[in-house]
Amino acid sequence: MKRREFLYLSTAGAVLLFSGCGEALTKSSKPQPLKNNALPIPPLLEGVEKNGVIHYDLTINKAKHSFFNGTLTNTYALNNQSYLGPTLKLEVGKEVSINFTNNLDEATTMHGHGMHVPAIMDGGVHQIIQPKQKWSARYTVKQYASTNWYHPHIMGKTAEHVYMGLAGLIIVEDSNSKSLNIPKDYGVDDIPLVLQDRKFTNAQLDYSPSRREIMQGYIGDTPLTNGAIEPFVEVENKEIRFRILNGSNASVYNLGFENGKSFKQIATDNAFLESPVTLTNLRLSPGERAEIIVDFSNDFGKSILFKDFNSNKKFLEVKVTKTATNITSTPNQLVTLTHLDPNNAQNTRRFTLDMSGRMGSMRLTINGKSMDKNRIDEHIPLNQVEIWEIENKMMINHNFHIHATHFEIIERNDKAPAPNERGYKDTVFLAGGDKVKLIVKMTDYQDAQNPYMYHCHFLEHEDNGMMGQFVVV
Ligand code: C2O
Ligand code: CU
Ligand code: CU
């Protein structure tokens, strides 16, 4: 193996030197992706009502998945899936109990990313599920219609557990989302897309980041869409809605259609946008979601590639082969959001994303500190309107995710955010040197004992210290 050395320059002035081993790439007999590879749709998990509470039972298992012809890959998955887990569809106002049983040989957790829930129901680093144990997230759904997701959140091993296949979607519906004239037929014209990339060695998932890859992100050369390599989907010639999750560990995707076809973004992480925003490219960093509407009514007979322009990964071939039946017409007004007023802000908190330490013991930091699960970093008063200023002090990309609630971006690099960032978000991208100003308010759930987390959602960064904890008091 070749030894390489890399320099990282922090804008704060520190120069750190690392050495890491380059990967020996085995190029011999690359396994072939499955042929005739139709897009798998994660099944909807039906809840079972008991005494007014809707129960969803999920098991976390070791599994084997067909990514390639003639060979199986060891994975982790939920329920009967062999990669990823089923989709939950929850309704606002309903009390739910999401029950996870851990059938792995190791402890994990299961966090509801984007879910507005009490801290002890959050599934963060403290709600550990030991092997053979069960843990339930029980709460009343109280937020806007949106596309959220569940994934492990265990100290130091989140990246690996997600890499092995543990993730699934949580769709929240409300009376507004059900009444809008938009596509709603799950898997037919309302299609979930969990986008990831993976590295395989001998057809097995290979999670072995070097120090350089911990910093720059562990990026796979194989794109996965709902666990399939370069699949296709057949759709009708009409409006199609895609619910897109960047479920990758560290890739920032710049998504769009190869032929430049435009589409409308209708939702950000935690809610519909007030009005659709027309785009040809959509940037999505790890953990972020977007819903888009694509009008294929004039595309009958065409095959259009949906890809990542950053890496040229082909995520989906959309074949417009079917004649439209249930035609929708997405309206110009999707939702009325309540906006927090910066003039009402009572406090400003600053968070800097950086690193510290020296060769061999480098840690990623927020405000100079690496994650310590026994330390509470911030005490946030319930219902207080706050400005959070996040600054990326490094030259590499990061993002910033807050548990417990959504936020709004009020400034990006001292300017108003792009129209498709003017919605409810829980994760915001920060390129090297970027600064964002967020407005945020913690509501409903006060608990001085049990913390929530904020962190970079590049999973290698999160696992290597770029995370902090807050309580709502
Ligand atoms: Cu998607 Cu703290 O996580
Ligand atoms: Cu989260
Ligand atoms: Cu990061």
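Here, a residue counts as buried when its relative accessible area is under 20%. With that cut-off in hand, welcome to a few close-up views of this predicted model.

**View 1. Two histidines hold the copper ion (ligand 2).** His111 and His401 each offer their NE2 atom to the copper ion, at 2.0 Å. His111 belongs to strand 8 (residues 111–113) and His401 to strand 29 (residues 398–402), so the two are 290 residues apart in the chain. His111 has 1% relative accessibility and therefore counts as buried. The value for His401 is 1% relative accessibility too, which makes this residue buried.

**View 2. Phe257 and Phe296 meet edge-to-face.** Their ring centres are 6.1 Å apart, with 90 degrees between the planes. Phe257 sits in strand 18 (residues 253–257), while Phe296 comes from the loop between strand 22 (289–295) and strand 23 (303–308); the pair therefore ties together parts 39 residues apart in sequence. Both Phe257 and Phe296 are buried. This is one of the 23 aromatic pairs that a search of the whole structure finds.

**View 3. An aromatic cluster brings several rings together.** Its members are Phe351, Trp388, Phe400, Tyr452, Tyr454 and Phe470.

**View 4. Arg198 lies over the face of Tyr163.** If you would like a number for your own comparison, Arg198 is at 4.3 Å from the centre of the Tyr163 ring.

**View 5. Lys319 places its charged end over the ring of Phe232.** Here the charged end of Lys319 is 4.2 Å from the centre of the Phe232 ring.

How values were computed. Residues are numbered from 1 along each chain as its sequence is written. Chains are lettered from A and ligands numbered from 1 in the order in which they are written. This is a predicted model: local features need pLDDT of at least 70, side-chain atom pairs count only at pLDDT 80 or more; totals for chains, interfaces and linings use all residues. Side-chain values use heavy atoms; hydrogens and water are left out. Rings of Phe, Tyr and Trp (its six-membered ring) pair if their centres lie within 6.5 Å; planes under 30 degrees apart count as stacked, over 60 as edge-to-face and the rest as tilted. Helices (H or I, at least four residues) and strands (E, at least two) are DSSP runs, numbered from the N terminus. Buried means under 20% relative accessible area, exposed over 50%, partly exposed in between (1.4 Å probe, protein chains only). A charge sits over a ring if NZ of Lys or CZ of Arg is within 6 Å of the ring centre and within 35 degrees of the ring normal. Donors are N, O and S atoms within 2.8 Å of the metal (3.2 Å for Na, K and Ca); water is not among the atoms, so sites may look incomplete.
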